[in-house]
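Thanks for asking me to go through this one with you. Here are my notes, set out point by point so that you can follow along.

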Amino acid sequence: MRLSPAVRMSEYFLPTLRETPSEAEIVSHRLMLRAGMVRQESAGIYSWLPLGYRVLRKIEQIVREEMDAIGCHEVLMPTLQSADLWRRSGRYDDYGKEMLRLQDRHEREMLYGPTNEEMITDIFREHAKSYKDVPRMMYHIQWKFRDEVRPRFGVMRGREFLMKDGYSFDLTAEEGRISYNKQFVAYLRLYARMGLQAIPMAADTGPIGGDMSHEFIILAETGESQVWCDSDLLNLDLLNAKIDHRDADQMSDVIGKVTSYYAATDEQHDQAKFESEVPEDRRLSARGIEVGHIFFFGDKYSTPLGAKVQTKDGQTVPVQSGSYGVGVSRLAGAIIEASHDENGIVWPEPVAPFKVALINLRSGDSACDAACDDLYAKLQEAGIEVIYDDREERAGVKFADMELIGIPWQIIVGPKGLANGVVELKSRASGEKVELSADSALAKLAE
RNA sequence: CGGGGCGUAGCGCAGCCUGGUAGCGCAUCUGCUUUGGGAGCAGAGGGUCGUUGGUUCGAAUCCAGCCGCCCCGACCA
């Protein structure tokens, strides 16, 4: 994946809106439309415009890197699947109207995949025969479709959505726990890298039972569910915790520590337990957005689909599996919910569409143009992603647009500053502005 | 799927009650003046009023069907 390192706004397709389209209610949806990130094509289905698509790919890439880091390997499965595969697991009839069903020209029954447990299990089944073929983990990042009765909240609850779903295959449930823990640890890191505080919360494990299902929740006023947790969870430094995914004991310790704090969604919440376990000043009750869900389900699919391997002593056993989802497109909205102000989006740097916004306050002025052209070239040389506002617009328009689209750093170049040999460097998040030479600004951004 | 609401220019809206073939703000285009936080003046372009049918001399407006979208609820990454 490579994103264009630099764009000029005079050439960029960035349809920002001054007013909010009436269909958008929550802040992330409003801002995504106003910032020209997405366009709604139909209820719960969106086109991703250049700016939005950059963000989506940044999120995707972080997820990809953290999956690769734990030895989970990327594949790509199709969006369309055959009904037969789903009949074998029994889910074709169970899934209900959320599954989009269609027919090809030969009247074969197909479906637009809402998830891929069947398919990945079938892929694994064909080639894995021995205990030497496990453990294995695979994931893909693909568009899914769930025909929600009521899509809403923009990309946060669309019908079509981009999702990372990973799957693990192990010989035993005990070994499955290690795979589960690897994913757990990767999740802690990937959310932290996006600038999010994602809190793992115990989730319903259904008929499988046990303690191997967690939802990852980020707190935001517009969250869809009520959550309760120990506020100390928000102080854990997960990004800098060095965790070796090959050290099962260490992973188990870290996860044990993280999950020892009280944290529950409304389905799992126990008020009495909450009050007895958490000191009053640390009791946090808030709204949350689910941005990931990991789940161990044993042989739920391997048995009906016949995914079996032979053990050392010659027995044939079904593999033990888990699935691990991250809502990639949802995260684009969720991050905005967690990071915005009255002027627009405030992107955390790792997912920002560009690191720097270069603002020419007087396009057409030879000194301003020359200074900006020079900075634009040098930023590119330094490998710093930049969006350059070279449009013939008034200063106010340029400031407002850059605040709206939330680029972390602005370099403001105007005739007044240039007369004194300075430009301004402004932080979107803090609003802090400093005057310095163009070279110092570059040096600061290159740090 | 239950309840509610809305479809009029790219966006936000008025007009509908009380029928006479469409208007405002922003955006867009042209010119002049401006130029460090969404400029001013003058002019211009842009609409089969969601759609189909009905009532009527005449429908954005009244009536019916259909389609689309949004909100609340139940359900979900």
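The points below start with the whole chain and then turn to one helix and a few residues.

1. Please keep in mind that this is a predicted model. Chain A carries 14 helices and 24 strands. Its radius of gyration is 24 Å, close to the 22 Å from the globule rule for 447 residues, so chain A is as compact as a globular protein of that length. If you want a feel for the box, the C-alpha trace spans about 80 × 60 × 40 Å along its principal axes.

2. How much of the chain is buried? Of the 447 residues in chain A, 51% fall in that class. As for contacts between residues with a separation of 6 or more, 71% of them in chain A join residues 24 or more positions apart.

3. On the surface side, chain A exposes about 20400 Å², and carbon and sulfur atoms supply 46% of that area. For your electrostatics, there are 54 positive and 72 negative side chains in chain A. The centres of these two sets lie 3 Å apart.

4. Helix H2 covers residues 50-69, and its length can be checked by hand. At 1.5 Å a residue, its 20 residues should span 28 Å; the end C-alpha atoms are 29 Å apart, which agrees. Of those 20 residues, 14 are buried, so H2 is largely enclosed by the rest of the structure. After the helix comes Gly71, with a positive phi near 80°.

5. Lys58 has its place in H2. Is this lysine buried or exposed? With a relative accessible area of 13%, Lys58 is under the 20% cut-off and therefore counts as buried. Setting aside neighbours within four places in sequence, Lys58 is in contact with Leu3, with Pro350, Val351, Ala352 and Pro353, and with Glu385.

6. Thr265 belongs to strand E13, which runs over residues 263-265. Its relative accessible area is 1%, so Thr265 is buried. Which residues does Thr265 touch, not counting those up to four places away in sequence? They are Met201, Glu215, Ile217, Gln226, Val227 and Trp228.

7. Gly327 sits in strand E17, residues 320-327. At 16% relative accessibility, Gly327 also falls under the 20% limit, so this glycine counts as buried. Beyond its neighbours within four places in sequence, Gly327 is in contact with Leu162 and Val291. For a distance to check in your viewer, take Gly327 and Ile405: they are 78 residues apart along the chain, and their C-alpha atoms are separated by 22 Å.

8. Leu425 is found in strand E23, residues 423-427, and is buried, with a relative accessible area of 3%. Where do its contacts lie, once neighbours within four places in sequence are left aside? Leu425 is in contact with Trp409, Gln410 and Ile411, with Glu432, Lys433, Val434 and Leu436, and with Lys444 and Leu445. Another pair to check is Leu425 and Ser339, which are 86 residues apart along the chain and have C-alpha atoms separated by 21 Å.

Definitions and conventions: Residues numbered from 1 in each chain as written. Chains lettered and ligands numbered in written order. Predicted model: local features only at pLDDT ≥ 70, side-chain atom pairs only at ≥ 80, totals over all residues. Heavy atoms only, no water. Helix = DSSP H or I, 4+ residues; strand = E, 2+ residues; numbered from the N terminus. Rg over C-alpha atoms; globule rule 2.2 N^0.38 Å. Buried < 20%, exposed > 50% of the residue type's maximum accessible area, 1.4 Å probe, protein only. Contact = heavy atoms within 4.5 Å. Areas by Shrake-Rupley, 256 points an atom, 1.4 Å probe, with all protein chains shown as cover. Lys, Arg positive; Asp, Glu negative; His and termini not counted. Charge placed at Lys NZ, Arg CZ, Asp CG, Glu CD. Expected span 1.5 Å × (residues − 1).
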